[in-house]
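Please work through the exercises below with the sequence and the model side by side. Each task is followed by a solution that goes step by step.

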Amino acid sequence: VQLQASGGGLVQAGESLRLSCAASGSIFSINDMAWHRQAPGKERELVAGVRSGGRIHYADSVKGRFTISRDNAENRMHLQMNSLKPEDTAVYYCFAIIRTAPGNYGMNYWGKGTLVTVSS
């Protein structure tokens, strides 16, 4: 199983970016999916998460600016980031809890990350 994140880049403050995460491999089902980020010199933090049932959680710092969504048929997840701020600069990682067979427990998987840089 692999998670591939894409869509990062360099933008100016106030602009938008859309991140995507694609899960591939031997997937039976995907439970929780989430985006985390890690800024230079800081710990990794949860940005937004979406459960298999659709319940969504956002970090307070991104509420009203970021929108998380998932496409269960395509095993994909997206993060629409609007009104970006310099403090959003970080490597963004996608995360998912994935079951590879009906009788298996879900395991944690991380993508390699995509860099988002917001200039002031």
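The exercises go from the overall fold to the disulfide, the charged pairs and the backbone.

The model is a predicted one, in which local features need pLDDT of at least 70 and side-chain atom pairs count only at pLDDT 80 or more, while totals for chains, interfaces and linings use all residues. Residues are numbered from 1 along each chain as its sequence is written, and side-chain values use heavy atoms, with hydrogens and water left out.

**Exercise 1. Describe the secondary structure and the overall dimensions of the protein.**

Step 1. Helices (H or I, at least four residues) and strands (E, at least two) are taken as DSSP runs, numbered from the N terminus. On this basis the protein has zero helices and eleven strands.

Step 2. The radius of gyration, taken over C-alpha atoms, is to be set against the globule rule, which is 2.2 Å times the number of residues to the power 0.38. The protein has a radius of gyration of 14 Å, close to the 14 Å that the rule gives for 120 residues, so it is as compact as a globular protein of that length. Along its principal axes, the C-alpha trace spans about 50 × 25 × 25 Å.

Step 3. A residue is called buried under 20% relative accessible area, exposed over 50%, and partly exposed in between (1.4 Å probe, protein chains only). Of the 120 residues in the protein, 38% are buried.

Step 4. With contact meaning heavy atoms within 4.5 Å, residues 24 or more positions apart account for 55% of the contacts with a separation of 6 or more.

**Exercise 2. Find the disulfide and state which parts of the chain the disulfide ties together.**

Step 1. The criterion for a disulfide is a pair of cysteine sulfur atoms within 2.5 Å, and a search of the whole structure finds one.

Step 2. The partners are Cys21 and Cys94, whose sulfur atoms are 2.4 Å apart. Cys21 belongs to strand E3 (residues 17-24) and Cys94 to strand E9 (residues 90-99), so the bond ties together parts that are 73 residues apart in sequence.

Step 3. The torsion about the S-S bond of Cys21 and Cys94 is about 65°, so the disulfide is right-handed. As for their surroundings, both Cys21 and Cys94 are buried.

**Exercise 3. Trace the salt bridges that involve Arg37, and give the exposure of each partner.**

Step 1. A salt bridge here is a side-chain nitrogen of Lys or Arg within 4 Å of a carboxyl oxygen of Asp or Glu, and by this rule the count comes to five.

Step 2. Arg37 pairs with Glu45, with the closest N and O atoms 2.7 Å apart. Arg37 is buried at 5% relative accessibility, whereas Glu45 is partly exposed, with a relative accessible area of 35%.

Step 3. Asp88 also forms a salt bridge with Arg37, and here the closest N and O atoms are 3.0 Å apart. This pair links distant parts of the chain, since Asp88 is in the loop between strand E8 (76-81) and E9 and Arg37 is in strand E4 (residues 29-38), 51 residues apart. Asp88 counts as buried, at 0% relative accessibility.

Step 4. Through shared partners, salt bridges join Arg37, Glu45, Arg65 and Asp88 into one network.

**Exercise 4. Place Arg65 in the chain and describe its surroundings.**

Step 1. Arg65 is in the loop between strand E6 (56-58) and strand E7 (66-71), and Arg65 is buried, with a relative accessible area of 10%.

Step 2. A polar atom of the Arg65 side chain lies 2.9 Å from the backbone oxygen of Ser61.

Step 3. Leaving aside neighbours within four places in sequence, the residues in contact with Arg65 include Met81, Leu84 and Asp88.

**Exercise 5. Examine the backbone of Asn75 and Ser83.**

Step 1. Most residues other than glycine have a negative phi, and most peptide bonds are trans.

Step 2. Asn75, although not a glycine, has a positive phi of about 55°. Asn75 lies in the loop between E7 and E8 and is partly exposed, with a relative accessible area of 22%.

Step 3. Ser83 has a phi near 50°, a positive value in a residue other than glycine. Ser83 is found in the loop between E8 and E9 and is partly exposed, with a relative accessible area of 40%.

Terms used
Polar contact = N/O pair within 3.5 Å; in protein donor to acceptor, adjacent residues only side chain to side chain.
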